[in-house]
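Trainee: I'd like to learn how to read a model like this one. Could you take me through it feature by feature?

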Amino acid sequence: MIDPGSVTVADLERDPYPIYAWLRDHAPVAYVPALDVWMVTRWADVESALNDPDRFPAHVEDSPTDEALGGVSMMTTDGEPAKQRRRPFDSTLRPRAVEATMPAVFERLCGDALDVIEEAGGGDLLTQYFEPVSVLSLAHAIGIADKVDGATLVRWFAGLAAGVSNYEKDTTKATFCSEVSAEIDAAVRPLFERTFEEPDGSMISNLVHATDGSLEERISWAMPSLKLVLLGGLQEPAHGGATIAHCLLTHPDQLDAVRSDPSLVPTAVEEGLRWTAPIGNLLRGVAPRTSLGDVDLPDGARVILVVSSANRDREIWGPTADEYDIFRPRRTHLSFATGPHYCIGHHFARAQLRTAIRMLLDRFPRLRLDPLGEVTYRGHEYRSPTSLAVDVD
Ligand code: HEM
């Protein structure tokens, strides 16, 4: 028995899945005071709400995301204003552009990081492999790879992530986020200035020319969406990568199957993203007089659509929903959402993760978990192992 009224942020961060399982069975739309939101946990409700922006708009009053990113972004607006903010990123992130520009970058970054791990005979796959590959790939796509190092990018992600998940209005998280935000503003401003004068087809150039007004007005319009791309793109592939690698290393039969048939790599990636969604819940507003299931949602309510719970709903995934199983019948998970805010970087992330997993397994035939390293998962909005120590020789 779980009382949604007494669920704490710490409970959710430690392991939200038993809480979600109980809620799916007993209170699939439940008010959780610790987050001041209604939690929606069943697949059918999450999927239908994501596809129904009239009843569940992305724009919410007092949004921690807007507060953290300095205004509304593509993710916290609806309809045409959201599309207008998405469009400038298309030419860099659509599948054909990723295929044309990124494979060699992914391979070079993976190769460099694997060299370091090989030399040491092992290391932490999260901080020494998936994170550098993830943040430096995105820096390359944005056009800031020669201006910022990997450690700074990881800190940027941490600051922005602390801000957008700050439902509880913690002042330490808010300060960290605003310090990082100021650093990002200072680092990318020269690019806005230069491409405002001389458009060059880069992501920043497309952004600054996607709207009208003075340079200052354009920067204020564009910056929240650019920070959102930084947030989504800097580290979520890394979190997904660590989860996928951990799943394979703890399921030797599935690891052997992927090694002997590399065409299973994409399936191993998708199943890891399903099993533990790197971004677990998505905030939405609620239109007046909206009900969901048996619950009439009060005016002014906010919901979180818990994709990580939907991804383990037994109604959809069967009795083994909690297990990592690359041989389960194929179907789409919700880890990149669905509907108008479907992840704009999904192809970029998938291509990067497939390369990273393939190259990791190719390089280290004896890859195994370090017996002295304990693997702990943390988080509910953002969830992944906190480290993944391996031996490789
Ligand atoms: C495994 C990695 C990733 C996961 C699991 C992920 C997940 C998601 C999810 C669940 C959403 C929907 C948010 C919502 O509806 O509230 C989303 C949106 C978004 N993602 Fe990703 N993402 C990943 C990688 C990326 C990358 C690499 C980028 C950038 C290159 C990116 C940029 C974005 C942006 C800008 C949005 C907002 C789209 C919109 O509101 O229209 N993401 N992502």
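Mentor: Sure. Let's begin with strands: two of them count as paired if DSSP finds at least two bridges between them. Keep in mind that this is a predicted model.

Trainee: Okay, in which sense do strand 1 and strand 2 pair?

Mentor: Antiparallel, over four bridges, with strand 1 covering residues 29-32 and strand 2 covering residues 37-40. To see one pairing up close, find Tyr 31, whose bridge partner in strand 2 is Trp 38. The two strands make a hairpin with four residues between them. In that turn sits Asp 36, with a positive phi of about 55 degrees.

Trainee: In which sense do strand 2 and strand 7 pair?

Mentor: Parallel this time, over three bridges, and strand 7 is residues 302-306. Look for Val 40, which stands opposite Leu 305 in strand 7.

Trainee: Back to phi. Where does Asp 62 lie, and is it buried or exposed?

Mentor: Asp 62 is in the loop between helix 3 (43-50) and helix 4. Its phi is near 55 degrees, positive although the residue is something other than glycine. To judge exposure, count neighbours: 12 or fewer other C-beta atoms within 10 Å means exposed. Asp 62 has 11, so it is exposed.

Trainee: And where is Arg 289?

Mentor: In the loop between strand 4 (281-285) and strand 5 (291-292). Arg 289 isn't a glycine either, yet it has a positive phi of about 55 degrees. It counts as exposed because it has 9 C-beta neighbours inside 10 Å.

Trainee: Now helices. How should I think about which way the residues point?

Mentor: An α-helix has 3.6 residues a turn, so residues three or four places apart point the same way. Try helix 9, residues 150-164: it has 15 residues and reaches 21 Å from first C-alpha to last, close to the 21 Å expected. Its buried residues include Leu 153, Trp 156, Phe 157, Leu 160 and Val 164.

Trainee: What covers the buried residues of helix 9?

Mentor: Among the elements covering them are helix 4 (64-69), helix 8 (125-142), helix 10 (171-197) and helix 12 (215-249).

Trainee: Last one: how many residues surround the ligand?

Mentor: There are 25, and the closest are Met 75, Gly 232, Gly 233, Cys 343 and Gly 345. Helix 5 (79-93), helix 12 and helix 17 (346-363) each give two or more residues to that shell. Helix 12 gives the most, with seven. Sorted by class, the shell has 17 nonpolar, six polar and two charged residues.

Key. Residues numbered from 1 in each chain as written. Predicted model: local features only at pLDDT ≥ 70, side-chain atom pairs only at ≥ 80, totals over all residues. Expected span 1.5 Å × (residues − 1). Buried ≥ 20, exposed ≤ 12 C-beta atoms within 10 Å, placed from the backbone. Contact = placed C-beta atoms within 7 Å. Near = placed C-beta within 6 Å. Nonpolar A, V, L, I, M, F, W, Y, C, P; charged D, E, K, R; others polar.
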